[in-house]
Every structure is written in C-alpha cells, then in structure tokens.
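Hello,

Here is the structure I promised to pass on. Have a look at it first, and my notes follow underneath.

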Amino acid sequence: MNKKALKTLEYNKIVDLLVTYAQSEPGKELCRNLLPSDNLEEIRTLQTQTSDALSRLLRKGSVSFSGTKDIRASLKRLDMGGSLNIVELLTIAGLLRTVARVKTFGVRDIPEEEYDSLDAQFNALVPLAGLCREIDRCIISEEEIADDASSGLREVRRQMASVKNRIQTEMNSCLQSYKSYLQDAIVTMRNGRYCLPVKSEHRSQVNGMIHDQSATGSTVFIEPAAIIKLNNDLRQLEISEQKEIEKVLATLSNSCATEAQFLDTDYRVLVELDFIFARAALSRHYNGSEPVFNTDGYINIKKGRHPLISKDKVVPIDIYLGDKFDLLIITGPNTGGKTVSLKTIGLFTLMGQAGLHIPAFDNSSLAVFKEVYADIGDEQSIEQSLSTFSSHMTNIAPILKTADKDSLVLFDELGAGTDPTEGAALATSILAFLHNMKVRTVATTHYAELKLYALSTPGVENACCEFDVETLRPTYRLLIGIPGKSNAFAISGKLGIPDYIIDDAKKRINSEDTQFEDIISDLESGRVQMEKEKAELEKLRREAESQKAAFELREQKFLEKQDKIISDANDKANALLSETKAFVDETIRLVNKQTAGSDLAKALERERTKLRDRMKDTADKKPEPVAPKKPAADPKKIKVGCTVMVNSMNLKGTVLSLPNAKNMVSVQMGILTTQAHVSDLTILSEGTTTLEGQSVNSSNRGKLGMSKTLSISSEINLIGKTVDEALPLLDKYLDDAYLAHMPSVRVVHGKGSGILKNAVHRHLKGLKYVASYRLGEFGEGDAGVTIVTFK
C-alpha cells in the first residue's frame, strides 16, 4: 500500500490512537508497524482475532500486559552461556507473573463454551511458576539479594554482621579515648574504611593510618590502629559476599537457560496478545464492528462514522459501491461533507485490511484492494512552481498508469483549479478511462457536466451531500442516486446579496442549465416529502403494532383468568363430591354391617352405585380450558350430527339441522337446544353423533369400564397404616376395582404381628362381591399378601 495514500487518508492518526491502547513497549512497536494487507485469509484471521478479543473484553473486562518487557537480549546471552544480572532476572520474573495473570484471564468460565481463535495463544503460555518463585525468593530488589539465597551467602553475611559489631564497639571506644582530639564525635567512611575526623594539630596523638584530609587541611581522617585488622577482615568478607552473589545469579541463570524455549514462546505470545487486545480496545472505544470482506470489489458501509471526528459531531453515512455501479460522483456545496465521505471510504478500507474494526453497523461490507490511491487536498508548491491544478495532475498521472480492477481510487474536486470547461472535459475523460478499466472510483466535483455524465452512463451513479437552505447548514447526509445542487443563489441571497443581482445572474445562465437545476430541485423536494411520509407511515405502523400487542396481551390475560376461575370452581365441586361420597360410603358400610343380607342393604348398595356413576358423569363433563378463538365454520361443511363448539358459550354440541337462509342452525348441548349462527361455530368432528334416545354406538360401550380400568392399580399397599386407616382405603379400592371388572387384586399388608392381616380378612368376609381370598404363595409375597378374587 503506497505511503502517500496512508498519509492522505490519515491512517497514521489511527495507528497513533492504537498505540495508546497497547500496554507493553513491544506491543506498541507492533502497533506502530501495522500496515494494511491485501491477503484475504490474513485479513479475515486478523479480523476474527480482533472480534474474539473484543468479546472477551466485554465479557470479562480488561487484562494487563504491563509486565511484558523485551527479554530477547537476555535469552541470547543465556544461549551463549552467559550469566544474567539482577535486573534481567527480575524482568524475567515480571514477565512470568504477567504470563500467569494472562493465562488465568484466558481460562473459560464455562468449560462447554465455544472455542475461539485466541485459545491457541492462551494455551501456549507456560507460567513457569517454580522459576518465578525461585527468582522472587532469591532477589529482593535491584540492589539486594536475600540472605537465604544460598547457605554460603547466609554464612558470609553472618560473619560480616559480627565483624561490623566488633568494629562499632572499637570505634565507640576510640571516640571516648580521643574525644578531645576530634573535630566531631562521629565515625565516617573513607575509601571503604571506618575513620575518625581528627584535628590536624592532634594527628600525632591518634595512633592509626591517615586516609584523607579536608579541603582546608584542618581535619585529617585517621583509621585507628585497633580496627585496621577488622576493616581488612570486613573487606575480605565483602569480596566473599560478591562471589556468593555471583554464584546465586549463575544458578538462577542456569535455571532460566533450561526454560529458555518456554520463555521465548511466552514473550512472543504476550506481545501478540497485547497487540490483539489493543485492536479490540480501539474497537470498543469507537463502538466498531467486524466488516465482511470480499474480492468482488463490493463496498457497503452502513451508518459509517469517521473515527477521527468527535462522537457528538459525526453524522453516520451509508455508502455503497461496486454492485450496480463502480463509479460514484458526489456533488454538492462546499463544507457539505463530500471530502469526509471520500475519506471515510478510503480510511475504512485501510483499517479493515489492517485487521481493525470499523465504526459502522454490523455486516458492513468491504472489498480487498491491492492499492488505494487518493488525491485529496490542495498541495500547491511555490518551490516547485506547482499551482493547485498542477499539483492535482502531478498526483493523478501515476494513478492512471498503475490503477487496475484491484484498486480503489479517490478524487477530491477532480478537474478544479483551471478553466471550468476544460476542467470538466478533462475530469470526464479521466473518469471514463477508469470506468472502462473497471476501477472502483469515487470522485467529488462541482461540475454539472459530470452529473450529466453519471445520468447518461451505465455503471456510473450520482450522489450528493444534503444541504438545508433554510439554515444555510449542511446535514452531512450522503444521498446516493440524486445529483447535488450548488445552491449558490440561495446561499448568496441568505447572506445578503441583493435580489436584483441574483436575478441578473440567473438570466445569464442558459435555459438548459436552468432546466437541469430545476429538475434536481424537484427531485430533492420530492425526496424530502417522500422521507417525511415514510417516517409518518413508520410511526403509524409502530403504533399499530404496539396496540395490537397490548390487545393480544389483555386477551391472553382474560382467557387465563377465565380458565383459572372455571378450574377452581370444578376443583371445589369435585372436592365437595369426594367428601360427600366418602361420608356416604362410610355410612353405608356401617349400615351393611348392621343389616347384612337384608333388602335394605341391597337397596343402599344400588343407591351407592348410582351416586358413583353420577360423580363419574360430572367429572367427565368438566369443561376444558378456553382455547384461543378458532376460525368460523364453513356453512357448506356443517351437516346434521356434526360435533361443534359454540364459541360464545364455550360449549360443545351436536348439530340438529342444516343452516337456514340466515345461516342459523339448531344445536343441542346436553339438555339445552339453541339457535346459533355458523360464524359462532367451530367444527370439531364431521362424524355422526348419536342423539338422545338413539342406541349407543358399539364403539362407546364399556367406556366407563375401560376408563376405570386404566386408572385402577392391580394392588393396594397398606403397610405402615393402622387398622382404622387401612380399612376405609381398602373398602374404596375394592369398590373401584370391582366396578372396573378386574378379576382379582393383591392386598399388601405385610406379615408383622398379623393384626392388620386378620382385620383385612374379617373385612373381606363381609363383602358380597368377593368370591374368595387367600394368602399369597411363593413368588406372590407369601403371608404378607392376600389375593382377592371377585364374583
């Protein structure tokens, strides 16, 4: 990509902004060297990495790469067998701490979460926690090695501390002995030796070695003879200490050399991740999105915002090129946004091909170009004797030589700076040449001739930047398909130019130009009116959808409330019937015991059977929940005997007559017969339904027995219950099983002490519908089960 286009389109400013989001110096260097690529696979890989990093940032927050420093020189020294100093080892420890932090950030919160393109980098990181801990244990700071770094160092420092204590004791003694000869009662250091500041005239009174004297000569610094040997011992120990420190550093360096390959990988991966997350942070800054790339030369930018314009001032624009046309000519007044639109296309292309997101809506499309050419701005040069026109032609000449179908060409004010007639003709020829070469081109201009060229040439389209004449301000909206109008007369009138001047100017324009401008004006006013009507229709549509949703919600709540009321009422009724039946069953059982074999007992048994049948009929007629309104029945499909739903009453019924002239039919719902309109009916079944008084269809016979059989178990478990609890349950179970025509059942009472078993047997003896009973055999439950056979 040519450097001139990068500078013209201000790509370097985007790079400068990107650098601020990298946290390590190596990462910043990668950002500074970022250039657009023309390899589609590479571009897609970079874009995917940026998107995945952005997803992690939004989901988990930021991660710090601040400990990432360049260790390549240290690794090279290790490879040559050298030893590292304290600062280098601390740098490696800092790098490993960053590795551990980034590695933890890369761990997925949910193991089943889908993998992304960054997992390989995170997995490649090796924290080397043991090496990091060892460096931190041995090195306290850049100036200090820990005493416990080695046993030899610990012993040397112990001896040094002992010698220093002895020196301090001797020096305190000397201070007292020579107090009157001293300039100050202090101990000072000269050439690494402990000395006393003695007055020059008393130097002979202090036995020792002179190491220095003051600038005035009034003070000499004497090392007392009593501590000369101790100072020598201390110096020797300091040399031993340094040797021990070198041994510690050599040991740590050897450990680093062993892990050099992992350290190199960690460094490279951290720098790469810092670079990737810097791109993601930049995308988050301007709310960017990943563009969809193609090699067909198709550009479709949706609500694109120039990244270098303040967020509260930039106006989003829609730009598309390369599908139905490959040449776009943008016209309109100055400061209307033509150049910004031009730069937005070029800058988005460069950013996207560099792996950066663009500040536009999702699924915006960009094409991969091998070169981007831009002639934007006035580059006239006095030194080179270049006018505005000449500078433009100097830039355009090499573009015409090298541009091809894989190039994007951007022209600002093409043909300006010279005679309008010649400039328009030259601009038209340049654009026609590029159009014939299938070069994707965008140009801005004021020439009406170029508007006509776009209107009359296939594959060329007009566009304009909207301008509000009332406020004399541009709206910065790009309108593709409409040629722009200069609005020079309107703007001049608003700014105070007399009307007679403007009227005279209008007369000096030929009729064809006037008609063309009038057509443009009519198109613009029509577009504005159409957009207003479209906005009003959209508002009405949203209101209608909102009202529809509110109505459907109210209807659904009403139906749910209706279902709940009906369900609660049926539950209460069934509970009352169940309690009544239990009470009647208990009463009849007690009466049966008192009047066994009498006619009264048989009569009571018959009445109980009737009550049970009536309860079953009531349960079978329990209304179903109200279903959503169904479509009205077709009068042609209604036949006598059809089963229908009367929607207004929410009841099922049977059709008794065909629709009359008013589409009214007779419907029987139980004992109720009513007239209903076909629009209130929903056909449920077209089969013939048996009416009251007719013989029941054979398929319905035994329905009661079948439903009861399906709901009754073949055994009852009474284990754990007392006799008083078990007998009512057993009595009801046997009644239901007998009505269900079950041949036999099992009563599980367990063995235990036999009290429950004996009570069950006594009860079975008094039941008229029990033919026999016996204890279970081997495999049936033995004595813990009684097998009951019905008559």
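Contact here means heavy atoms within 4.5 Å. Helices (H or I, at least four residues) and strands (E, at least two) are DSSP runs, numbered from the N terminus. The model is predicted, so local features need pLDDT of at least 70 and side-chain atom pairs pLDDT 80 or more, while totals for chains, interfaces and linings use all residues. Residues are numbered from 1 along each chain as its sequence is written, and side-chain values use heavy atoms, without hydrogens and water.

I looked at one open sheet, whose four strands run in the order E3-E4-E6-E5 with antiparallel pairing; two strands pair if DSSP finds at least two bridges between them. Its edge strands, each pairing on one side only, are E3 (188-190) and E5 (208-213). From one strand to the next, the twist averages 50°. Between E3 and E4 (residues 193-199) there are three bridges, and Arg-190 stands opposite Arg-193 in E4.

Two helices lie across this sheet. H9 (residues 151-177) covers E4 and E6 (219-224), at about 5° to E4. H10 (residues 228-258) lies across E4, E5 and E6, at about 145° to E4. Axes are lines fitted to C-alpha atoms, for helices over the stretch in contact, and angles run from 0 to 180 degrees between N-to-C directions.

For the protein as a whole, there are 22 helices and 25 strands. Of its 791 residues, 40% are buried, meaning under 20% relative accessible area (1.4 Å probe, protein chains only).

Best wishes

Note on methods: Buried < 20%, exposed > 50% of the residue type's maximum accessible area, 1.4 Å probe, protein only.
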